[in-house]
Amino acid sequence: MTAYDLLIAPFQDYGFMRRALVACLCLSVGASPIGVLLALRRMSLMGDALSHAILPGAAIGYLVAGSLSLTAMGLGGLVAGLSVALLSGIVSRVTPLQEDASFASFYLASLALGVLIVSLHGSNVDLLHVLFGTILAIDAPALYQIGAITSLTLVVMAIIYRPLVTECFDPGFLRAVGGRGPIYHVAFLLLVVINLVASFQALGTLMAVGLMMLPAAIAQLWARSLPAMLAIASGSAAASGYLGLVASYHFETASGPTIIIAATCLYGLSILVAPAGLGSRLFTRPHLKG
């Protein structure tokens with residue numbers, strides 16, 4: 001087998017492989033930078049909670065469309081995810097519960113409700129598609145939707161980049177200068193939800209947060225400045241998508257989980273050799289003596 005047959009032929013020969021690769025590249029540009037900001041805010045598990053919260057909306061979209069329509073399921077997931085985010089924020093402000101506790105409560109209820117809806121009105125195959133994604137079944141409308149979400153994410157991040165970064169590192173300063181921190185927080189949660197919806201269409205609810213948070217963790221091991229983290233996260237996510245698709249094609253495995261496994265392998269390698277990983281701690285360079 002030549003390098004062409006191994007690395008290029010799957011995308012040259014099959015349109016569904018090309019569409020899957022384009023979807024992965026879009027997600028790497030939009031979702032992975034959001035994951036970096038989530039990690040810096042110490043809200044990584046909140047992203048996981050929101051990825052599960054979109055399940056009942058996706059299930060209702062599946063029932064309404066009568067098939068595995070990614071567009072209908074994506075719109076339903078968007079409504080469900082935004083509802084959970086807003087309800088969790090309201091509950092955390094009117095009760096003694098912290099925001100993470102209210103998110104956990106709503107996401108558990110949403111996950112159970114979504115699985116119940118799909119299991120009652122669909123088959124086990126339908127449930128597996130919803131939970132683990134159908135990236136090879138992405139059609140042109142779904143790809144346009146993912147591209148639109150990525151474009152919107154980049155535009156919004158460019159507009160609110162400075163206050164968003166300030167709120168990550170020093171929310172007290174932003175409040176002191178009248179920076180309207182809650183507005184930027186809500187806008188950021190909106191970006192999280194819509195990118196999880198885009199990821200859900202490709203990777204399913206259980207895998208959606210993987211392409212958002214694993215590259216963010218990789219970036220933190222390799223870089224210290226925020227721009228470098230954003231670039232490394234996007235690059236590692238794109239590499240994970242490409243390697244995962246190639247591996248799933250040749251080994252005939254499920255594409256979504258294989259992509260996440262590829263990202264996990266990059267994460268494990270980064271732990272060993274990255275500047276902030278184990279390698280720098282085990283093999284420190286001796287200081288020069290004057």
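Select serine 51 to begin; this residue sits in helix H4. Helices (H or I, at least four residues) and strands (E, at least two) are DSSP runs, numbered from the N terminus. Serine 51 is buried, at 0% relative accessibility. Buried means under 20% relative accessible area, exposed means over 50%, and partly exposed lies in between (1.4 Å probe, protein chains only). Now show the neighbours of serine 51: Leu196, Thr205, Ala208 and Val209 touch this residue, leaving aside residues up to four places away in sequence. Contact here means heavy atoms within 4.5 Å.

A word on the model before moving on. It is predicted: local features need pLDDT of at least 70, side-chain atom pairs count only at pLDDT 80 or more, and totals for chains, interfaces and linings use all residues. Residues are numbered from 1 along each chain as its sequence is written, and side-chain values use heavy atoms, with hydrogens and water left out.

**Zoom out**

Colour by secondary structure. The protein has 16 helices and zero strands. Of its 290 residues, 49% count as buried. Of the contacts with a separation of 6 or more, 74% join residues 24 or more positions apart. Next, switch on the surface. About 14100 Å² is exposed, and carbon and sulfur atoms supply 69% of that area. Accessible areas come from the Shrake-Rupley method with a 1.4 Å probe; for residues, only the protein chains shown count as cover.

**Helix H7**

Select residues 99-121, which form helix H7. Pick serine 110, which lies in this helix. Serine 110 is buried, with a relative accessible area of 9%. His52, Ala53, Pro56 and Val84 touch serine 110, again not counting residues up to four places away in sequence.

Leucine 108 is in H7 too. Leucine 108 is partly exposed, at 49% relative accessible area. Draw a C-alpha to C-alpha distance from leucine 108 to histidine 52. The two are 7.8 Å apart in space and 56 residues apart in sequence.

**H3 against H14**

Two packed helices are described by the angle between their axes and the distance between the axes. Select helix H3 (residues 15-40) and helix H14 (residues 226-251); their axes come within 8 Å and cross at roughly 145°. Axes are lines fitted to C-alpha atoms, for helices over the stretch in contact, and angles run from 0 to 180 degrees between N-to-C directions. This crossing of H3 and H14 is right-handed. A crossing is left-handed if the near helix is turned anticlockwise from the far one by less than a right angle, and right-handed if clockwise.

Show side chains at the contact of H3 with H14. H3 residues there include Met17, Cys24, Pro33 and Leu40, and those of H14 include Leu226, Gly241, Tyr242 and Tyr249. The contact residues divide into 19 nonpolar, four polar and no charged. Ala, Val, Leu, Ile, Met, Phe, Trp, Tyr, Cys and Pro count as nonpolar, Asp, Glu, Lys and Arg as charged, and the others, Gly among them, as polar.

**Add H13**

Select helix H13 (residues 210-222). The axes of H13 and H14 come within 8 Å and cross at roughly 130°. H13 and H14 are therefore oblique to each other. Angles under 35 degrees count as roughly parallel, over 145 as roughly antiparallel, 65 to 115 as roughly perpendicular and the rest as oblique. The H13 and H14 crossing is right-handed. Among the residues in contact are Trp222 of H13 and Ile232 of H14. By class, there are ten nonpolar, three polar and no charged residues in this contact.

Turn to H3 and H13. Their axes come within 7 Å and cross at roughly 65°. The crossing of H3 and H13 is right-handed. Leu27, Ile34 and Gly35 are among the H3 residues that meet H13, whose own residues there include Met212, Met213 and Gln220. Twelve nonpolar, three polar and no charged residues make up this contact.

**Two loop residues**

Most residues other than glycine have a negative phi, and most peptide bonds are trans. Go to arginine 42, in the loop between H3 and helix H4 (44-53). Arginine 42 is not a glycine, yet its phi is positive, about 60°. Arginine 42 is exposed, with a relative accessible area of 79%.

Finish at glutamate 252, in the loop between H14 and helix H15 (255-273). Glutamate 252 has a positive phi of about 55°, although it is not a glycine. At 72% relative accessibility, glutamate 252 is exposed.
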